[in-house]
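Here is a short note to read alongside the structure. The points start with the cores and then move to the sheet.

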Amino acid sequence: MIEDTETTDEFLDAFVTRHSADVEEAVRKAAAAEILPRFRRLAAHEVDQKSGPHDLVTDADRLAELYLTEKLGALLPGSVVIGEEAVHANPAAYEAIQGDAPVWIVDPVDGTRQFVHGDDGFCTLVALARHGVTVASWTYAPYRDQLATAVRGKGAFLDGEPLQAGAPAPGRDLRVATSHPDFTTDEQKRALLGLWTQGVAPRSCGSAGLEYLAVARGELDATAFSWEAAWDHAAGLLLVEEAGGAHRTLAGEPFRITGGNALPFTAARDAATARRVMRLLHSSV
């Protein structure tokens, strides 16, 4: 059991050092057992809607989350697992992110829509956090066999190679992935209108986790998202930070995984780009 003492954060740092490979193994095994065997082989009864026709869940989501919940909880006794599907079934479970216990934040299939349609742009996201601070993250694209990891203060890596986000090239249109229209309200669409201007090349996002990875790799300049669910953002935001990037909300503050953020928010390759995106978003609200 984790004790709530001054040394708890040091304990988590040591835990990540010792057990990062065990977390990676659990993520890979969940994908191998529950996700990849169903990719492009989903039967109709294995796909359901949640809030609407664009909000899908599959047996792969549910079973991979159950697998990770068991394995991650066993790795760190006293921790809590917050998974997207468990919270959908019991919204009160999300409140654990505000508590004192270490929290595993899990999105078993980030990009379920892509997964259902046979597009390989999906991933599994796992983050470890406490008191609203993400300590470590794992972003795994199973079909592509790409694994990105980040540990606070120790850098970001893709398949063992360091990631550096860098800065956008001067004079080139800013490449920004935005919340997909199918998942935004009219008010949110208006807030994002500021990006439709000269010098910016916005496009709808796919898997949030893979968009964050693209920012950390310097392949995408920024994101502009209008929702807060921690399982979509915790892993990727740490990845961007540790690659040298920055994130800001409409209030000019870093995004908080515990919620209550002024939306939309951005994650960008560097602080200057984050500020630029925020100015554009402010212009339309």
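1. This is a predicted model. Its largest nonpolar core holds 41 residues. Those with the most contacts inside this core are Ile-105, Leu-163, Tyr-212, Leu-213, Leu-239 and Ile-257.

2. Several elements build this core. The strands β4 (103-110), β5 (123-130), β7 (146-151), β8 (155-158) and β14 (265-268) each supply at least two residues. So do the helices α6 (208-217) and α7 (230-242). The largest share comes from α7, with eight residues.

3. Take Leu-163 and set aside its neighbours within four places in sequence. Leu-163 is then in contact with Ala-156, Phe-157 and Leu-158, among others. Its further contacts include Leu-213, Ala-216 and Arg-217. Leu-239, Glu-242 and Ala-243 also touch Leu-163.

4. There is a second, separate core, with 28 residues. Among them are Leu-68, Trp-104, Val-135 and Leu-147.

5. Now the sheet. It is open, has seven strands and runs in the order β3-β4-β5-β6-β7-β8-β9. The pairing is mixed. At the edges lie β3 (80-83) and β9 (161-162), each paired on one side only.

6. Look next at β5 and its partner β6 (residues 133-141). These two strands run antiparallel and are joined by seven bridges. Ala-127 stands opposite Ser-137 in β6.

7. Which strands does α7 touch as it packs on the sheet? They are β3, β4, β5, β6, β7 and β8. The direction of α7 makes about 100 degrees with that of β6. This helix is also the one that gives eight residues to the largest core.

Conventions:
Residues numbered from 1 in each chain as written. Predicted model: local features only at pLDDT ≥ 70, side-chain atom pairs only at ≥ 80, totals over all residues. Heavy atoms only, no water. Core = buried A, V, L, I, M, F, W, Y, C linked by side-chain atoms within 4.5 Å. Buried < 20%, exposed > 50% of the residue type's maximum accessible area, 1.4 Å probe, protein only. Helix = DSSP H or I, 4+ residues; strand = E, 2+ residues; numbered from the N terminus. Contact = heavy atoms within 4.5 Å. Pairing = 2+ DSSP bridges. Axes fitted to C-alpha atoms, helices over the stretch in contact; angles between N-to-C directions.
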